[in-house]
Amino acid sequence: MENLKRIFIVDDHQMVIDGLRLIINTIPGFEIVGDCNSAHQALDILTETAVDILLTDVSMPEMSGIELTRVVHKKFPHIKIIALSMFGEAQVVAEMIDAGISGYILKNTGKQELIEALNKVAEGQNYFAPEITLQLMKSFKRGQESESSRLTDREIEIIRMIEQDFGNKQIADLLFISERTVETHRKNILRKTNTQTVVGLLKYAYERKII
Amino acid sequence: MTFTSIALICQADEFFDIRNPSILLLVGFLILISAIFIVSYQAHNLKRLKYTTGLQAQIIKQQSQNAKGIITADERERQRIAGDLHDGVGQLLSATRMNLDTLFERLKLTDPENSELADKAMAMVDESCREVRTIAHQMMPDVLLKAGLAFALRDFVNKISSDRLKVSLEVSGLENRLQNNVELVLYRVIQETVNNVLKHANASSLDIQLMRDEGEVSITIEDNGRGFSTAEKEQFEGIGLKNIVTRVTYLKGTVDISSSPGKGTLVAILIPIL
């Protein structure tokens, strides 16, 4: 086995690096060529050390894993990057993907997952932990759902009152809310139905059989 | 002695004669004195009024500063705990998980009972990691600080939305970020209100709307749960609502709650924004 893939690890917690070392040392085909505890240090070492895969923590003091990924991706485009984090919030994962990662795994990872992640990424593919994929899918699905605005029960009730030509004051009294809240409801209703006037709104409501 | 008293009486008689110029002088003097008195009294009153309003303003300012102090201290504490959980416990657990993984492999457990025990231990550590992640996240979502309110809310909604409770979130006009403390407070208020819904409302749908308009941010949180009557209102208000009101008041906003049994609950919040 000559062509060992060279791994470099950055994490501000040494015990995590030690734990990873224990596991990766038993995985054939890979060797750890170095590690350090800060992104700045990592950038220095990477200019002198040949590395194939960079395993980096996401949240680190001073320079985060996101920034490190951006810089490494630009300066050393041949290095594949895998993010390693406690968290897997969709937004953070998305940012890391933008920055140039090839994989994202959570820190409570086991040997099997590491083997899969390292092999896939070494072959030029991507690897995302199942929990991460789930988060991403959820946020994607949500994003789609919110495209079409749905009127709430309360809003439909208010449209009915508007139909009866009730003013804000009357509606407020009937629903035991302040006039300003009625005003908020009105604004939300007009925005969601994409109408500007009461006539337009009622037309919208009749056409869609909302009231 | 008698002479002097007679002279005095004469003087007095002359004195009270209206034509005597000295009585005019005295009356004039008295008028002047009272005028001065009245003016100075009014000036004093005015000052007192000013002082009272000044004092009131001071009290209001003090209260708002107290609220601000409490809220910022609270947020700082949350941030610290979230940080400790993430950097301390979380990393320790992760490292533990990796060590156990290696240890069990080296031990080459052959007894199925033992390997079951090993798997169980690993699963427990996994579960602990998840717990820590959830708690730290509730304490201070990273995404709120990094990406802003809209993203953080989207994230929050993704986590609580389930088959049992459909949660919809509508955000409009929030392309630009709000002031940091406003975002934090609004996030907490929404989080708290939604947690109330989760705990008490037994609702199947929850609509959260956040709209930034000229000069204000409005939030409506509406559920179709069991609601409550005005008689129960106090009890309801005791639950977490005080926190919400304190936070909203700190931002000089208003909270409007409307509910009736079986008809769900609406919480509407309006915050003025510069």
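Start by selecting chain A and chain B together, where nine salt bridges, each a side-chain nitrogen of Lys or Arg within 4 Å of a carboxyl oxygen of Asp or Glu, are found across the interface. This is a predicted model, in which local features need pLDDT of at least 70 and side-chain atom pairs count only at pLDDT 80 or more, while totals for chains, interfaces and linings use all residues. Residues are numbered from 1 along each chain as its sequence is written, chains are lettered from A and ligands numbered from 1 in the order in which they are written, and side-chain values use heavy atoms, with hydrogens and water left out.

Next, show the side chains of Arg133(B) and Glu131(A), which meet in one salt bridge at 3.2 Å, N to O. Between the two chains, 22 residue pairs, both at pLDDT 80 or more, are in polar contact (a pair of N or O atoms within 3.5 Å, where within protein one must be able to donate a hydrogen and the other to accept it, and residues adjacent in sequence count only if both atoms are side-chain atoms). Selecting helix H2 (residues 21-107) of chain B brings up the largest share of the side that touches chain A, 15 residues; helices here are DSSP runs of H or I with at least four residues, strands are runs of E with at least two, and both are numbered from the N terminus.

Widen the selection to the whole interface, where 55 residues of chain B are in contact (heavy atoms within 4.5 Å) with 45 residues of chain A.

Now move to the sheet of chain B, an open one of five strands in the order E1-E2-E3-E5-E4 with mixed pairing, two strands being paired if DSSP finds at least two bridges between them. At its edges, strand E1 (166-172) and strand E4 (254-259) each pair on one side only.

Zoom in on E4(B) and strand E5 (residues 265-272) of chain B, which run antiparallel and are joined by six bridges. Along this pair, Ile257(B) stands opposite Val267(B), and Ser259(B) stands opposite Thr265(B). The two strands form a hairpin with five residues between them, and Gly262(B) in the turn has a positive phi of about 80°.

Finally, add helix H9 (residues 179-193) of chain A, which lies across E1, E2, E3, E4 and E5 of chain B and runs at about 95° to E2(B); axes are lines fitted to C-alpha atoms, for helices over the stretch in contact, and angles run from 0 to 180 degrees between N-to-C directions. Helix H8 (residues 241-250) of chain B lies across E4 and E5 of chain B, at about 145° to E4(B).
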